[in-house]
Amino acid sequence: MTDLSTRYGTRARRPWLVPAIAAVGIALGIMWAVWVASADKPFSARLYSYEVTSDHKTTVKLDIHRPKPRELECTVQAQAEDHSIIGERTIPIPSSARKTIRTTTTITTERRAVTGVLKGCTVRD
């Protein structure tokens, strides 16, 4: 029997290659995370409160913050105890010089709701 390294030879390994590639990957990941965290957000919206006012009505209040005046469109939903959506409404939020506003709307439901939910907001074209 012969020694395989004698027969075929060996390649010189670069011991620094794997740590160097890992360091570059980690640095790129950190830079991407910082970039995403510091990106300028066009607006933010959150559900401030909700109130089930009757078997077929739910009132929701939204807080909306816009650094620049722009028109938005927000969709709110009412959910039943089994988490099914029993009412939905899309409301236009007009452009305003005020950066932060609170708006209230009422959702008509098919039966009694237990919660109100902000599905999301988009910029209107």
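**Exercise 1. Work out whether R98 is buried or exposed, and place R98 in the chain.**

Start with the accessibility: R98 has a relative accessible area of 52%. Now the cut-offs: buried means under 20% relative accessible area, exposed over 50%, and partly exposed in between, with a 1.4 Å probe and protein chains only. So R98 counts as exposed. Next, the location: R98 sits in the loop between β4 and β5 (100–108). Helices (H or I, at least four residues) and strands (E, at least two) are DSSP runs, numbered from the N terminus. Last, a distance: R98 and R70 are 28 residues apart along the chain, and their C-alpha atoms are separated by 11 Å.

A quick note on the ground rules. This is a predicted model, where local features need pLDDT of at least 70, side-chain atom pairs count only at pLDDT 80 or more, and totals for chains, interfaces and linings use all residues. Residues are numbered from 1 along each chain as its sequence is written, and side-chain values use heavy atoms, with hydrogens and water left out.

**Exercise 2. Describe the surroundings of D63.**

First, find the residue: D63 belongs to strand β2 (residues 57–65). Then check its cover: the relative accessible area of D63 is 13%, so D63 is buried. Now list the neighbours. Setting aside residues within four places in sequence, D63 is in contact with S44, A45, R46, Y48, I101 and R102. Contact here means heavy atoms within 4.5 Å. Finally, pick out the R102 pairing: the side chains of D63 and R102 make a polar contact at 2.6 Å. A polar contact is a pair of N or O atoms within 3.5 Å; within protein, one must be able to donate a hydrogen and the other to accept it, and residues adjacent in sequence count only if both atoms are side-chain atoms.

**Exercise 3. Which residues does K119 touch, not counting those up to four places away in sequence?**

Begin with the strand: K119 is in β6 (residues 115–123). Its relative accessibility is 56%, so K119 counts as exposed. The residues that K119 touches are T75, V76, Q77 and E88. Take V76 for a closer look: K119 and V76 are 43 residues apart along the chain, yet their C-alpha atoms are separated by 5.4 Å.

**Exercise 4. Say what stands out about the backbone of H83.**

Look at phi: for H83 it's positive, about 70°, although H83 is not a glycine. Then the setting: H83 lies in the loop between β3 (72–79) and β4 (85–93). At 62% relative accessibility, H83 is exposed.

**Exercise 5. Place P15 and give its C-alpha distance to R112.**

P15 falls in the loop between α1 (4–8) and α2 (17–37). With 70% relative accessibility, P15 is exposed. For the distance, go C-alpha to C-alpha: P15 and R112 are 67 Å apart in space and 97 residues apart in sequence.

**Exercise 6. Sketch the overall architecture of the protein chain.**

Count the elements: two helices and six strands. Put them in order and you get α-α-β-β-β-β-β-β. The radius of gyration is 28 Å, well over the 14 Å that the globule rule gives for 125 residues, so the chain is more spread out than a compact globule. That radius is taken over C-alpha atoms, and the rule is 2.2 Å times the number of residues to the power 0.38. Along its principal axes, the C-alpha trace spans about 90 × 40 × 25 Å. To finish, buried residues make up 22% of the 125 residues.
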